[in-house]
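Here are my notes on the model, set out as numbered points. Please read them with the structure open.

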Amino acid sequence: MREFFKSTRFKILLAFIAFLVGIMIYAVTKGGYSLSGASFINTVTKPFRFVSNKISMELETVLDRLNNSDSYYNENQELKKQISELNEQIADYNDLKAELEEFKKLADIKEEHPDSVFSQPAEVLGYIANDPFKSFTIDKGSDAGIKPYSPVTTSEGIVGIIIEVSKHTATVRTILSPDLSVAAVCSSTNADFGIVEGTVITAENNTTKLTHLDMNHKIKKDDLIITSGSSGLFPKDYSIGTVKRLDVETNGLTAFAEIEPCADLSRLRSVFVITDFAGKKETENETANTP
């Protein structure tokens, strides 16, 4: 112990304490206050009392947590339950909102095409793997009155046609496919007819092709192409897409137009199946290019 009091460390500590006391005395006297014994003690001990109070408060907090841990745990579990219930309510609300939006779209389509009969909104379950033409399956099948060769649409425009049906699901071939032909006409001229058929090249750009156009056609870029209804496979006056490019076929005898579908076929979430319409073919097996 004596060695400590004689050590350099003790002398430094003592000097530091003296320095602090000097600073506190200066601070008090600088303000014009007399330095009584009591005030001196309070000034000197103030930093220690501050630390002591802080430690005491922290200790009280720890003791409170220990003493009330069960209560806090139960409270936490109750809050978690309430949060879970609120999340479920939000999910239900979002589902209901989405459903109402789909029914509004259906009402709009029915108003525009009163001669057509539609299925309930069908959810897109997923796209067919490795199919460049974006074929997909839906969650409605024969139980919902859906049959092969029924047209499929969205509120934006025609999507494709049903090719396979099970009890609760169906497969849709899109207008990007070369295995589907749609009789079409330009809405602005109402005179330039052609056939919408996809190709491998156009499908890479999510577009399709209006073929067999007369060389003297009046179609312009951005014109809307709609179904003509002449084949009996699709109803009349449904939007297909807009013209993005016009050119002449390699044979030099006919022209064609590259068409961007009105509906984004790569991001479909729900569709409507047209189960009946005016001018529908009675013999469904007569559909061209649709096995």
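1. A residue counts as buried when its relative accessible area is under 20%, as exposed when that area is over 50%, and as partly exposed in between. With this in mind, take strand E12: six of its seven residues are buried, which leaves the strand mostly covered.

2. The model is predicted, so confidence should be read first. The average pLDDT of the protein is 81, and 68% of the residues score at least 70. Residues 283–291 have a pLDDT below 50, yet this stretch makes 22 contacts in the model beyond near neighbours in sequence. I would keep those contacts apart from the points below.

3. Which strands close the barrel? There are six, in the order E7-E8-E9-E12-E11-E10, with antiparallel pairing. From one strand to the next, the twist averages 40°.

4. E12 has a place in that order between E9 and E11. On one side, E11 (residues 239–248) and E12 (residues 255–261) run antiparallel and are joined by seven bridges. Within this pairing, Asp-247 has Phe-256 of E12 as its bridge partner, and Arg-245 stands opposite Glu-258 of E12. On the other side, four bridges link E12 to strand E9 (residues 208–213), again antiparallel. Here Leu-210 has Ala-257 of E12 as its bridge partner.

5. The hairpin of E11 and E12 has six residues between its strands. One of the residues to look at there is Gly-252, with a positive phi near 75°.

6. Positive phi values also occur outside glycine. Most residues other than glycine have a negative phi. Asn-130 departs from this pattern, with phi near 60°. Asn-130 lies in the loop between strand E2 (122–127) and strand E3 (136–138), and its relative accessible area of 84% makes it exposed. Asp-237 is another non-glycine residue with positive phi, about 70°. Asp-237 belongs to the loop between strand E10 (224–227) and E11. Is Asp-237 buried, exposed or partly exposed? Its relative accessible area is 39%, so Asp-237 is partly exposed.

7. The largest nonpolar core has 46 residues. Those with the most contacts inside this core are Phe-136, Ile-138, Ile-162, Leu-210, Ile-225 and Val-271. Strand E5 (residues 158–165) gives the core its largest share, five residues. In soluble globular proteins, nonpolar side chains tend to be buried together. Leu-210, listed among these core residues, is also the bridge partner of Ala-257 noted above.

8. What does Ile-138 touch, apart from neighbours within four places in sequence? Its contacts include Val-124, Leu-125, Ile-146, Ile-162, Val-172, Val-271 and Val-273. Glu-123, His-168 and Thr-169 are also among them.

9. How many disulfides does a search of the whole structure find? The result is zero. Two cysteines can still be compared by their surroundings. Cys-186 has 0% relative accessibility and is therefore buried. Cys-262 has a relative accessible area of 29%, so this cysteine is partly exposed.

Conventions
Residues are numbered from 1 along each chain as its sequence is written. This is a predicted model: local features need pLDDT of at least 70, side-chain atom pairs count only at pLDDT 80 or more; totals for chains, interfaces and linings use all residues. Side-chain values use heavy atoms; hydrogens and water are left out. Two strands pair if DSSP finds at least two bridges between them. Helices (H or I, at least four residues) and strands (E, at least two) are DSSP runs, numbered from the N terminus. Axes are lines fitted to C-alpha atoms, for helices over the stretch in contact, and angles run from 0 to 180 degrees between N-to-C directions. pLDDT is the predictor's confidence in each residue, from 0 to 100. Contact means heavy atoms within 4.5 Å. A disulfide is a pair of cysteine sulfur atoms within 2.5 Å. Buried means under 20% relative accessible area, exposed over 50%, partly exposed in between (1.4 Å probe, protein chains only). A nonpolar core is a set of buried Ala, Val, Leu, Ile, Met, Phe, Trp, Tyr and Cys residues joined through side-chain atoms within 4.5 Å.
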